[in-house]
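Welcome to a short set of exercises on reading a protein model. Have the sequence and the 3D view open, and try each task before you read its solution.

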Amino acid sequence: MNEPPSPSPTRWFKALRRTRVGEPCSKAGLAACTEQLKRARAAFRAGRTAKEGFRRAQLEALVRLLAEHECDFVDTLGRDLHKPRFETVVSELLLVKNEALYAINNLTKWMEPQHVERNLVTSLDECMVVSEPLGVVLVVGAWCSPVQLCLVPLVGAIAAGNCVIVSPSDTSSHTAELLHRLLPSYLDNECYHVLVASASDLPEIVDLKFDHVFFTGNSADGTKVAQAAARWLTPVTLVLDGQNPCYVDRDCDVGAAARRMAWARFQNAGQSAVAPGYVLCHADARAQLLHALRCALLQFYGPDPRQSCSLGRLVNAEHFARVRDALGRSGTVAVGGQVNEAEKYIAPTLLTDVVETDPIMQQEIFGPVLPILTVNNVDEAIAFICRREKPLCVYAYSSNSKVISRLMEETSSGSFCSNDSTLQSLMVMLPFGGVGASGMGSYHGRASFDTFSHRKSCLLRGTRIECVTYLRYPPYEDRNLSLMTWASTLSHKGWCQIL
């Protein structure tokens, strides 16, 4: 395959213009990425990442990084998102640490060839599947959970033996700068690089030709990344945002449902791709659910959530304005609704009387707002979900196992969770990813290793059974065909195995 053309003078000028002297974490653009890619390719071709010991050492270094700089991550996420220490440790640092330790403990098993079943003809041969690294991969993390969305895929890419360029979002600028500073101090400097780039730079960066691109973010940017990757047939994993429906049945523990739903929706000030996006509440449970949600918010954040140390803020003024404007043009505020532009603060808000055409229902909210729609039965809820784009997650709260089974089987989504929210996206042993408009591919645990590996089919043969294989050679004769056809009737595994 031909190598990509050199960047045009215009593209080089744009890259140089984006790079400012004295800013080590600036939007480096194509110039920096090209150099990083060159170094990473050289390291990969030299076999630097091939050995298990090297991969294990890099994963152990990542664990040390998290342990030794916990306070730094708490500080930067506090500055970017006003994220409480509890949320930073639990949803960012511990999640990455668990992924890394799980990979360390299973690395030997994952790297071993997987032997497959043999038949009579291949009984003297070896049939196996070998997991080989893809090469140099690009990991693009979203701003809403900037540590775990960069480092969890990085764990899988390291375990699989790839060289990696990590690109944290410049929207969470302080965390991006911290990753840019810390990762080179712990990981091999030739194999692993950090590139801080804006979303507008990504198509040109992807066009430099990687061996895999892992992207988390919004659908618009994901589409551009996929289009740029398609030019070189570069495989992609896309984990995209969207609106995750949450059905609340009339037969459920409404108090527990309200607490779990409110926790998932309002942590990180609602800036999560896996939080419930809207509630489809059975009409018989609506009043009870609203009361339970009010009580949960009061319990979580007190009478004045603005003073609570457990509530985050929106990431920037632009994002704040978008959520505030959608909030003001949708439904009726039942709880919350207060805003403070200077602090980028929006109170945890419950919206009622919401209809499907309201602005708040047209895209992922990424804010502390929970729209509540009313349905008359589970059939209506399923129909509502199925006529919209396939979401990243579907949630269902019910004490009726038949209702849970119907929601799980009759809707399509990247993941499903009953009687809780978001937990399925955090479990190391459960693959997580999107489908349709919410993305493609999956990661976490073994799934991450497989995502960044090529499963190569290998057949190791000798020449001792030529007395059988001669039947396939020209000149073709009916007698040989009859023998091969007869042999195929002795096994349900297919005639070709006699070859």
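**Exercise 1. A residue in a strand**

In which strand is the place of Thr237? Find out too whether Thr237 is buried or exposed.

Before the solution, a word on the ground rules. This is a predicted model, in which local features need pLDDT of at least 70 and side-chain atom pairs count only at pLDDT 80 or more, while totals for chains, interfaces and linings use all residues. Residues are numbered from 1 along each chain as its sequence is written, and side-chain values use heavy atoms, with hydrogens and water left out.

Step 1. Thr237 belongs to strand S7, residues 236-240. Helices (H or I, at least four residues) and strands (E, at least two) are DSSP runs, numbered from the N terminus.

Step 2. The relative accessibility of Thr237 is 2%, so Thr237 counts as buried. Buried means under 20% relative accessible area, exposed over 50%, and partly exposed in between, with a 1.4 Å probe and protein chains only.

Step 3. Now look at the surroundings. Setting aside neighbours within four places in sequence, Thr237 is in contact with His212, Val213, Phe214, Phe215, Met440, Gly441, Ser442 and Thr451. Contact means heavy atoms within 4.5 Å.

**Exercise 2. Two helix crossings**

At roughly what angle do the axes of H10 and H11 cross? Then work out the angle for H3 and H7.

Step 1. Helix H10 (residues 254-266) and helix H11 (residues 286-301) have axes that come within 8 Å and cross at roughly 55 degrees. Axes are lines fitted to C-alpha atoms, for helices over the stretch in contact, and angles run from 0 to 180 degrees between N-to-C directions.

Step 2. H10 and H11 are therefore oblique to each other. Angles under 35 degrees count as roughly parallel, over 145 as roughly antiparallel, 65 to 115 as roughly perpendicular and the rest as oblique.

Step 3. The crossing of H10 and H11 is right-handed. A crossing is left-handed if the near helix is turned anticlockwise from the far one by less than a right angle, and right-handed if clockwise.

Step 4. On the H10 side, the residues that meet H11 include Ala258, Met261 and Trp263, and their partners in H11 include Leu289, Leu293 and Phe300. The residues of this contact of H10 with H11 divide into 13 nonpolar, three polar and one charged. Here Ala, Val, Leu, Ile, Met, Phe, Trp, Tyr, Cys and Pro count as nonpolar, Asp, Glu, Lys and Arg as charged, and the others, Gly among them, as polar.

Step 5. For H3 and helix H7 (residues 173-186), the axes come within 9 Å and cross at roughly 135 degrees. That makes H3 oblique to H7, and the crossing of H3 and H7 is right-handed.

Step 6. H3 contributes Gln58, Ala61, Leu62, Arg64, Leu65 and Glu68 to the contact, and H7 contributes Leu182, Leu183 and Tyr186. Sorted by type, the residues of the contact of H3 with H7 are six nonpolar, one polar and two charged.

**Exercise 3. Aromatic pairs**

How many aromatic pairs does the structure hold? Describe two of them.

Step 1. There are nine aromatic pairs in the structure. Rings of Phe, Tyr and Trp (its six-membered ring) pair if their centres lie within 6.5 Å; planes under 30 degrees apart count as stacked, over 60 as edge-to-face and the rest as tilted.

Step 2. Phe54 and Tyr192 form a stacked pair, 6.5 Å centre to centre with 15 degrees between the planes. Phe54 lies in helix H3 (residues 52-68) and Tyr192 in strand S5 (residues 192-194), so the pair ties together parts that are 138 residues apart in sequence. Phe54 is buried, at 18% relative accessible area, and Tyr192 is buried as well, at 7%.

Step 3. Phe432 and Tyr443 form an edge-to-face pair, 6.5 Å centre to centre with 65 degrees between the planes. Phe432 counts as buried at 3% relative accessibility, and Tyr443 counts as buried at 3%.

Step 4. Phe214, Phe432, Tyr443 and Phe452 form one aromatic cluster.

**Exercise 4. Backbone details**

Which peptide bond is cis, with omega near -5 degrees?

Step 1. The cis bond runs from Pro474 to Pro475.

Step 2. Pro475 is found in the loop between helix H16 (466-469) and helix H17 (478-488).
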